[in-house]
Structure formats: C-alpha cells, structure tokens
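Student: I should like to examine this structure with you, beginning with its pocket and then turning to its strands.
Tutor: Please look at the sequence and the structure together as we proceed.

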Amino acid sequence: MISYVTVGVDDMDRAKRFYSAFLPALGYGLEEGPEGLSFALPVPEGQRPVLPDFYVKPTFNGQPATAGNGTMVAFEARNQAQVRDLHAAAVDAGGTDEGQPGFRASYGPHFYVCYLRDPQGNKIAVFSCDPNEAGRDE
C-alpha cells in the first residue's frame, strides 16, 4: 500500500492554485503549513486513514525542483464527466494539457483518462474506469 506521494515545486502559490482546482472535488482536504501543502482524504472517527496522502513541498536540498521523467501520479474520479470537469479546472488553474479527456486504445474499454502537467512540470492523470458508463467500443 502506498502511504503518500510527494511532488517538489518551486512556486507554492502556483502549485496551490493548480492542485486546489481539482483535488477537493475528489474528496481531498488541504492542510497548509510552513513545509508545504498536504492533501488527505477525510478520516471518519475511529477509522484508519484512507491512503495515499498527497504532498506538495519545496525540495529538501534547496535545489530547484524537477519533474521525474516517466513519473506520473494518477487520481481516480467518480465518472467521465468529472474527468472532463477536473481537466478543465486544472488547465484554468495554470496546468498544461498533456492529453485531452478520452479513451486510450492501450487501456481497457472503460478506462477514460486525461493527462496534465502541474506548473512545475509534474505529470498528473485523472481517470475513471466505471463499467456502468459507456465504454470505448460502445
């Protein structure tokens, strides 16, 4: 089980605008502190946290943040409409389109996804894989 994912950024204000444009719609709450942004799913009283948490932080070594080549973080949306809505919100909030919402031939018939880059260049995917919605071949 992955406990948390961290991406490094140089401009915390731009990163906050970008991630706040779509992560709250997926249920993530934001805690902001001197060490950066912490996005986590709510924990009902008496229950264990739903993982993973997602952290947006400056680099620990003080060097400029860089996006990992081949690294991508994916978030699951409720449905295809939410994928489209969150893609638009993230681009409006300073993200870059890396792949419009839609089906991809390389994946299953219900895998509906969009790809983005945050303002730092980190690659983000938002997807839905609901078998109750129309699929690629339907």
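Student: How many residues line the largest pocket, and which lie nearest its centre?
Tutor: The model is a predicted one. Its largest pocket has a volume of about 240 Å³. The lining consists of 14 residues, and those nearest the centre are Y28, P52, A74, F75 and E76.

Student: Which strand gives the most to the lining of the largest pocket?
Tutor: Two strands, β4 (53-57) and β5 (72-76), each supply at least two residues of the lining. With 4 residues, the one that gives the most is β5.

Student: How do the residues of that lining divide into nonpolar, polar and charged?
Tutor: The lining comprises 14 residues in total. They divide into 3 charged, 1 polar and 10 nonpolar.

Student: Which residues of β4 are buried on each of its faces?
Tutor: In a regular strand, side chains alternate between the two faces of the sheet. In β4, 5 of the 5 residues are buried, where buried means under 20% relative accessible area. Both faces are thus represented: one side holds D53, Y55 and K57, and the other holds F54 and V56.

Student: In which sense, parallel or antiparallel, does β4 pair with β1, and which residue stands opposite Y55?
Tutor: Strand β1 (residues 4-8) pairs with β4 over 5 bridges, in the parallel sense. The residue opposite Y55 is T6.

Student: In which sense does β3 pair with β4, and which residue stands opposite V56?
Tutor: Strand β3 (residues 36-40) and β4 are joined over 3 bridges, and their pairing is antiparallel. Opposite V56 stands L37.

Notes. Residues are numbered from 1 along each chain as its sequence is written. This is a predicted model: local features need pLDDT of at least 70, side-chain atom pairs count only at pLDDT 80 or more; totals for chains, interfaces and linings use all residues. Side-chain values use heavy atoms; hydrogens and water are left out. On a 1 Å grid over the protein atoms alone, a cavity is a set of points where a 1.4 Å probe fits but cannot get out, and a pocket is an open set with protein on both sides within 12 Å along at least five of seven lines; lining residues have an atom within 4 Å of a point. Grid points are joined across faces, edges and corners, and a volume is the space filled by probe spheres set on the points. Ala, Val, Leu, Ile, Met, Phe, Trp, Tyr, Cys and Pro count as nonpolar, Asp, Glu, Lys and Arg as charged, and the others, Gly among them, as polar. Buried means under 20% relative accessible area, exposed over 50%, partly exposed in between (1.4 Å probe, protein chains only). Two strands pair if DSSP finds at least two bridges between them.
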